[in-house]
Amino acid sequence: MSEQSTAVAGGEAGTAATTKEAADAQAPVKPKNNRAWFLVLPVVVSVAFTAVIPLMTVVNFSVQDVFSPDDRIFVGLEWFRSVARDPEVRAAFVRTLIFSAQVLLLEIPLGVALAVAMPRRGVWVSVALVLVALPLLIPWNVVGTIWQIFARPDIGLGGWAINNVLGLDFNYTLDSTDAWITVLIMDVWHWTPLVALLAYAGLRSIPQPYFQAAQIDGASAWAVFRHIQLPRLRGVLTIAILLRFMDSFMIYTEPFVVTGGGPGNATSFLSILLSKIAVGQFDLGPAGAFSLLYFLFVQILCYVFFTVLTRSGR
Amino acid sequence: MQWMVWTLPTAMVFAGLALLLAGMAIWGHFSPPVARRGFLRIETDRGDRLYIGLISAAVVLAGWIAVTDLSMWLALACALAVAIVIGVWG
Amino acid sequence: MARTTGRRLPWARTVFWLYAATLMLPILWMFGMSIRPNDDILGSFSLLPQRVTFENYTTFFTDSAWYSSYLNSIVYTSMNAVFSLIVALPAAYAFSRFRFAGDKHLFFWLLTNRMAPPAVFLLPFFQIYQAVGLFDTHLGVAIAHMLFNVPLAVWILEGFMSGIPREIDETAAIDGYSLPRFFVKIFLPMIRSAVGVTLFFCFMFSWVELLIARTITSVNAKPIAATMTRTVSAAGVDWGLLATAGVLTIIPGAIVIWFVRNYVAKGFALGRV
């Protein structure tokens, strides 16, 4: 593949948004046709089976004490009361929020910096894209396995280096702070590439004349970043922030593999606690109430995400 | 359907939601919704406001049960009030 | 081509490649673990393997508990990707081309299913799949994963399709093409990269999912991820074998990564970038 066509292919992802806007501007109103419902029907049916019926069942669980399908007592909102006041649940909620906040604070600046530093022309573009994207395509449990091994003081390079090169006492299986740091670094390792790729797509969609003008004015690299690149990244960064917030808020697999929620409750995030109650203890009622409160919170986030996405498209 | 462990109250809630959706669909057929801007500062049509209202009502209920022992009927009244305010002026 | 992409700090390139190298380090380390005998892993710490062995790989491919769960994962993820695509194609077309009653709300509702924590659906899934006889089957996991993959596929495909001007549809209609014929003969070939990207992302999200797959399977359809979390025995963890399974599970993603490199951001951002 020639250098030119690589660059064009690389730019495609970045300019898709612009072409969409252009297409929308050409024909602002789509034809109204309620028969389109027939095209959507398969999706509605399949998602109804996998989402609506289960959710209804969760609602039913949440108001009863279920011993078996034939032996159950209606308890009203009792499970909601006990779950909403459970110190363990509240602690997990706060823990998850703090984790999400830390994830954003680390990954967004790092991702943007990375995108700015990434090569934008030449054969190295593809190599860089592949290298950066690789962690994203690793199964989440394997991400856990990689760090489970890498951060161990006895067999992992990372853990070994911290103990023997830096001389710090580091063991994520015993110390809560170490476990938290391990999970956080793992998440940064895993997901910063996503922020970087989104920001990179945003950078590539900036029209060249902006840079030419800046070059004529003799603007410094920092000025170019601050006044040309950063403002133009607003759209993609909003998407990145919301995506990262929501996905880190439901994190399960990676910390489950590395720490199993421990030591103690140190890395017991909402999903880990919920699946412990649901599958581990099989407490249908509390798990149902917990699920619904969790789901409610995610719904709100989701609506914000959707509103931002559809409004920025206009 | 045995494993879905239905109860009368939850069945009524879902039947109510289904009726609400059907009602909105029929209403929308006879007088198509118009998007406008209310005190929420975003453009919403009545379907959006219904959704935001329901979610806000649920938040009120959840918050109520988490902090106070006062009657849930009172909470329900507050939640409905919030939903109506959002539905009409949101 | 003129040098127009903006001025850069001289060390930016170096920092970037250093970061990329750091990114690879944990993966390479796991690969290093997979080609060492277990005695060496636990015996003494060394940067490079003292003795290189492929006995872990041999064990993996001869022990049916390992290779069959690997095959299980491939079977249900492939089924899931195909199902999700078939269901999503017409819907995405409808969303990108028409307005219809409740379209916006439906589109949003799909998103909420992609964003909902899988943990929320665990209990009912367990009950439902036992009730309808899909528990511990490949079909069961494939259907369960449609929960988040169908919305994902619809959103990604809609993003791609909206980039294609509607005039093409209209011209084809004037030329006497029926909608199904137009869709298969003209439209699908035009969006083949979108179809590829969608298939890839459905495959990937199903491949990485552990919680649901583990909950609704026990033996016959047990995914590789579940087998991996159960390597802890009384004798401790079999690190070599665990690392081997990890390396082999990365391979499907690593094979296709070159072809999807320009679409990774788009896929994760649900076709919105």
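# Questions on a three-chain predicted model

Reader: Where in chain B does Val5(B) lie?
Author: Val5(B) is placed relative to a helix, and helices (H or I, at least four residues) and strands (E, at least two) are DSSP runs, numbered from the N terminus. Residues are numbered from 1 along each chain as its sequence is written, while chains are lettered from A and ligands numbered from 1 in the order in which they are written. This is a predicted model, in which local features need pLDDT (the predictor's confidence in each residue, from 0 to 100) of at least 70, side-chain atom pairs count only at pLDDT 80 or more, and totals for chains, interfaces and linings use all residues. With that in hand, Val5(B) is found in the segment before α1 of chain B.

Reader: Is Val5(B) buried or exposed?
Author: Val5(B) has a positive phi of about 40° although it is not a glycine. A residue is buried if 20 or more other C-beta atoms, placed from the backbone, lie within 10 Å of its own, exposed if 12 or fewer, and partly exposed in between. Val5(B) has 20 C-beta neighbours inside 10 Å, so it counts as buried.

Reader: How many residues of α1(B) are buried?
Author: Helix α1 of chain B covers residues 8-30 and has 23 residues. From first C-alpha to last it reaches 33 Å, close to the 33 Å expected at 1.5 Å a residue, where the expected span is 1.5 Å times one less than the number of residues. The helix is hardly covered, and its count of buried residues is one.

Reader: How is chain B built up along its sequence?
Author: Chain B has three helices and two strands. Buried residues make up 18% of its 90 residues. Read from start to end, the pattern is α-β-β-α-α.

Reader: Why is chain B described as more spread out than a compact globule, and what is its radius of gyration?
Author: The C-alpha atoms of chain B fill a box of roughly 40 × 35 × 15 Å along the principal axes. The radius of gyration is taken over C-alpha atoms, and the globule rule is 2.2 Å times the number of residues to the power 0.38. That rule gives 12 Å for 90 residues, and chain B is well over it, so the chain is more spread out than a compact globule, with a radius of gyration of 16 Å.

Reader: What distance separates the centres of the two domains of chain B?
Author: Chain B is divided into domain 1 (1-32) and domain 2 (35-90), with bounds that come from an automatic or database domain assignment. Taken over C-alpha atoms, the separation of their centres is 18 Å.

Reader: Which elements of chain A each supply at least two residues of the side that touches chain B?
Author: Two residues are in contact if their C-beta atoms, placed from the backbone, lie within 7 Å, and by this test 21 residues of chain A are in contact with 17 residues of chain B. The chain A side has 13 nonpolar, five polar and three charged residues; Ala, Val, Leu, Ile, Met, Phe, Trp, Tyr, Cys and Pro count as nonpolar, Asp, Glu, Lys and Arg as charged, and the others, Gly among them, as polar. The elements that each supply at least two residues are α2 (36-62), β1 (64-68), β2 (71-74), α3 (78-85) and α14 (284-312).

Reader: Which helix of chain C gives the largest share of the side that touches chain A?
Author: Here 91 residues of chain C are in contact with 98 residues of chain A. The chain C side has 68 nonpolar, 14 polar and nine charged residues. Its largest share, 14 residues, comes from helix α1 (residues 12-34) of chain C.

Reader: Where in chain A is confidence lowest?
Author: Chain A has a mean pLDDT of 83, and 90% of its residues reach 70 or more. Its highest confidence is in helix α4 (residues 87-117), at 93. Over residues 1-27 of chain A, pLDDT stays under 50. Confidence is lowest, at a mean of 41, in helix α1 (residues 3-26) of chain A.

Reader: Is Phe282(A) buried or exposed?
Author: Phe282(A) is found in the loop between α13 (270-280) and α14 of chain A. Its phi is positive, about 55°, although it is not a glycine. With 11 other C-beta atoms within 10 Å, Phe282(A) is exposed.
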